[in-house]
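Trainee: Could you take me through the pockets in this one, and give me a close look at the second largest of them? I'd like to know what lines it and how that ties in with the rest of the chain.

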Amino acid sequence: MPAYFTIFDVETNGLHPGRFSVLSFSALQIQTWRFQRPQAFQGPPRVRPLLRSQEPYNYHAIKVNGLTQKRSPQKRGRTGGDYPLHFAQDRRCLSFASKWSLPSAHNTPFDTKFLKQAHGYEFPATFCTMRTFTSYCAIPHHHFGIKWPKLEEAVQIICGRNDF
């Protein structure tokens with residue numbers, strides 16, 4: 001019997017949804033089947049193009065996500081299609097997100113705050129890989145015992161690979 005879940009990611013111009021814009025929204029809807037062997041995956045990607053900031057670009061956020069003021073329009077132009085300039089104007093995003101059965105992200109509480117701010121939408125349940133794998137990864141933090149793993153760190157520890 002197939003099961004469905006969605007992996008999504010939001011890149012922003014800052015940490016607070018009321019003050020900062022979403023610069024990129026991407027999602028991949030996955031259909032899985034469980035057989036006698038490991039799971040099989042199938043899913044066409046559904047990726048949103050880069051969006052424009054409504055406020056000046058935030059140096060600290062750009063340092064993390066690399067979506068500079070110059071790079072975003074260049075990448076946006078290559079995506080083709082007719083898309084809104086800003087996340088709050090993109091009603092297709094809300095329609096798409098409301099169909100997800102299990103939304104999953106690396107920092108789900110952070111990413112979902114921006115969807116709620118822009119579209120007033122909250123998921124009934126989510127799966128956060130960052131919080132779920134914190135104990136498993138057990139990466140030491142000099143002040144707090146163990147730290148939340150970055151996605152790359154979690155993949156390295158769980159899968160033993162650096163090539164994702």
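Mentor: The second largest pocket has a volume of about 160 Å³, and bear in mind that we're looking at a predicted model. Its lining is made up of 15 residues. Go to the centre and the ones lying nearest are Phe20, Ser21, Gln54, Ala88 and Ala118. Sort the lining by class and you get seven nonpolar, five polar and three charged residues. Helix H4 (108-119) gives the largest share of that lining, three residues.

Now follow Ala118 a bit further. Ala118 is touched by Phe87, and Phe87 also touches Val22, Phe25, Leu51, Cys93, Phe114, Leu115 and His119, leaving aside residues up to four places away in sequence. That takes you to the largest nonpolar core, which has 17 residues. Phe87 is among those with the most contacts inside this core, along with Phe8, Val22, Phe25, Trp100, Leu115 and Phe123. H4 turns up here as well: H4, strand E1 (2-12), strand E2 (22-33) and helix H3 (91-97) each supply at least two residues of the core.

For context, look at the largest pocket, with about 1500 Å³ of space. It is lined by 41 residues, and Asp9, His106, Asn107, Lys150 and Leu151 are the closest to its centre. H4 is one of the elements that supply at least two residues of this lining, but the largest share, seven residues, comes from E1. By class, the lining of the largest pocket has 23 nonpolar, 11 polar and seven charged residues.

Terms used. Residues numbered from 1 in each chain as written. Predicted model: local features only at pLDDT ≥ 70, side-chain atom pairs only at ≥ 80, totals over all residues. Heavy atoms only, no water. Core = buried A, V, L, I, M, F, W, Y, C linked by side-chain atoms within 4.5 Å. Buried < 20%, exposed > 50% of the residue type's maximum accessible area, 1.4 Å probe, protein only. Helix = DSSP H or I, 4+ residues; strand = E, 2+ residues; numbered from the N terminus. Contact = heavy atoms within 4.5 Å. 1 Å grid on protein atoms, 1.4 Å probe; cavity = no way out; pocket = protein on both sides within 12 Å on 5 of 7 lines; lining within 4 Å. Points joined across faces, edges and corners; volume = space filled by probe spheres on them. Nonpolar A, V, L, I, M, F, W, Y, C, P; charged D, E, K, R; others polar.
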